[in-house]
Amino acid sequence: NEELKSVLLQETPWVLNAQNEQEQKKNIALLFDMVKMSEQMASTLDKLSDMQSSNGGFVWFKGGADNRYITQYIVTGIGHLKKLNAYPMAQQAHLKSILDKAMPYLDKRLKEDYDQLIKNKANLKNNQLSAIAIQYLYMRSFFPDYAVDKSANIAYSYYREQAKKYWLSQGIYLQGMIALVLNRANDKQVAKAIVGSLQQNSINNAELGRYWKEFDRGGYWWYQAPIESQALMIEVFSEIKKDETIVDELKTWLLKNKQTNSWESTKATAEAVYAILLQGSDWLPVERNVSIQLGNTILKSQDQKLEAGSGYFKTRIDGDKVNPEMGNIKMTTSSANPSSNKTTNIQSSWGAAYWQYFENLDKITFAETPLRLSKKLFIERNTDRGAVLTPVNDGDQLHIGDKIKVRIELRADRDMEYVHMKDMRASCMEPTNVISQYKYQDGLGYYETTKDVSTNFFFSYLRKGTYVFEYPMFVTHAGNFSNGITSIQCMYAPEFTAHSEGVRVNVLANP
């Protein structure tokens, strides 16, 4: 919604991303053309077969060497289709041909790992478990009907025992894989112990759902990806714990993450979709009526024009019809089909109420959401002890030539993408950094650009945490000025916005 955003999309560095997103929305319709989808499926499987080497392994790029991780990932994807009973009937022979070549290749690669341990005289009783071996065991668990190559039987048994013994030393994602492997191998006692440990270490938030603190740190390896890890946890708890409430809490985190972030890779998106289609209550067929009460005014979704698929609607109330009682907002939801036997324990919905009005900048008071901003001005003076910063309070007197340092403190309680922060300044001040450039600070990369009345910061990815930004200015004119406010907004979800309080500054001509 352009009118709700503090900066026009065209003024941001992300115009192309938005255009791509609009195109993606249009392309969803193509997924319902079954003839076209059937043709594309056959074509895609042909391309996949072309990427499979003669030894059974898949290459990442055509002409390259076979890649073990990519091969295991592709075979696991076929296993996901099998688990969802989503095997395309017309392509079963094609998929079987791929598996018949890939399985012996992967068995052989696992045997090579074990042989290398023997060759290096490694202590086989110590922890020799690698992430790639755990991924192999997880992949194998989908295909019990494919016997392990006889030459790799010893290696397979060894690594499964290693997983059973050393699961606690692995990360969340790999622990989940091990739990599924052992559960499918009827070693249910250890599998339940792993799930119990995972549940104890999880965080359950009424709004955000259930997740793990480890996701906040992220990482660069495939087994440290938060979306894929959460998707696997859904599989773990739906298959082993069989607790529908916990599964729905895990799904809630996935969708709340999507509210302020994009799933940037096809890998993350495919894993998330697979997880949402697994067990837990069925969220897809349930349609709900929404009733929003603002004082004595009631808005019902049945009376609105809803966006197909999402159920989104927007209502604008003119200023002369707004009254103080509308500040008391109550929302209720009900099933659109009360006779339906399908019920859900948890189902995410989100919306926002915006109150737009005019106010003098120096009269604006502090406001926060999951984003929190505070802004402070300091006078920087050189002394015999070096540079000293003195806070500038509302009404303090400044002088022409004073060096002012702006300090902005930003706190975010969740990861967000495409965030814009705008810091307004008094017209009596001129910044020294006037060249727009990309900057890095405290592990955060952002684009900073200086305009006539403000300095703008664009964060492609803002990780949960606290950040401090500073930049210098000089006082150039005398008079009484409003210093404006600092505001921030998530471009994906404009309801996530916050601003600092407004202050006035008084500048004297002579010190």
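A search of the whole structure, which is a predicted model, finds 22 salt bridges. Side chains of opposite charge can pair when their charged atoms come close. Two of the pairs belong to helix α4. In one, the side chains of Asp 100 and Lys 96 meet at 3.1 Å, N to O. Asp 100 and Lys 96 are four residues apart in helix α4, so about one helical turn separates them. Asp 100 is partly exposed, with a relative accessibility of 36%, and Lys 96 is likewise classed as partly exposed, at 47%.

The other pair in this helix joins Arg 109 to Glu 112, with 3.2 Å between the closest N and O atoms. Here the spacing is three residues, again about one turn of helix α4. Arg 109 has a relative accessibility of 23% and counts as partly exposed; Glu 112 is partly exposed as well, with a relative accessible area of 38%.

A further salt bridge links Glu 409 and Arg 411, whose closest N and O atoms are 3.0 Å apart. Glu 409 is partly exposed at 27% relative accessible area, and the value for Arg 411, also partly exposed, is 40%. Elsewhere, Lys 83, Arg 184, Glu 235 and Glu 239 are joined into one network by salt bridges that share partners.

Helix α4 also contributes to the nonpolar interior. The largest nonpolar core holds 74 residues, and the members that touch the most others are Tyr 159, Met 233, Val 236 and Phe 237. Helix α4, spanning residues 92–119, supplies the largest share of this core, 10 residues. When residues up to four places away in sequence are not counted, the contacts of Val 236 are Gly 176, Ala 179, Leu 180, Val 195, Leu 198 and Lys 241. Another core, of 35 residues, lies apart from the largest one; Tyr 467, Cys 490, Ala 493 and Val 505 are among its members.

Val 505 belongs to strand β21 (residues 504–508), along which the side chains alternate. In a regular strand the side chains alternate between the two faces of the sheet. In β21, Val 505 and Val 507 point to one face and are buried, whereas Arg 504, Asn 506 and Leu 508 point to the other face and are not buried. The cut-off for buried is under 20% relative accessible area.

Strand β21 has pairings of both senses. With strand β10 (residues 397–399) the pairing is parallel and extends over three bridges; within it, Leu 398 stands opposite Val 507. With strand β18 (residues 479–482) β21 runs antiparallel, and four bridges join the two strands. In this pairing Ser 482 has Arg 504 as its bridge partner. Residues from both faces of β21 are thus named in these pairings: Val 507 points to the face with buried side chains, and Arg 504 points to the other.

A separate description applies to an open sheet of six strands, ordered β14-β15-β16-β12-β19-β20 and paired in the antiparallel sense. The edge positions are taken by β14 (437–441) and β20 (497–499); each has a single partner strand, so one side of each is left without a neighbour in the sheet. From one strand to the next, the twist averages 20°. Within this sheet, strand β12 (residues 416–424) and strand β16 (residues 454–462) pair over eight bridges in the antiparallel sense. His 420 has Phe 458 of β16 as its bridge partner.

Backbone geometry was also examined in the loops. Lys 121 is not a glycine, yet has a positive phi of about 55°. Lys 121 is located in the loop between α4 and α5 (131–140) and is exposed, with a relative accessible area of 76%. Asn 186, also not a glycine, has a positive phi of about 65°. The loop that contains Asn 186 lies between α7 (172–184) and α8 (188–201). Asn 186 is exposed, at a relative accessible area of 63%.

Terms used:
Residues are numbered from 1 along each chain as its sequence is written. This is a predicted model: local features need pLDDT of at least 70, side-chain atom pairs count only at pLDDT 80 or more; totals for chains, interfaces and linings use all residues. Side-chain values use heavy atoms; hydrogens and water are left out. A nonpolar core is a set of buried Ala, Val, Leu, Ile, Met, Phe, Trp, Tyr and Cys residues joined through side-chain atoms within 4.5 Å. Buried means under 20% relative accessible area, exposed over 50%, partly exposed in between (1.4 Å probe, protein chains only). Contact means heavy atoms within 4.5 Å. Two strands pair if DSSP finds at least two bridges between them. Axes are lines fitted to C-alpha atoms, for helices over the stretch in contact, and angles run from 0 to 180 degrees between N-to-C directions. A salt bridge is a side-chain nitrogen of Lys or Arg within 4 Å of a carboxyl oxygen of Asp or Glu.
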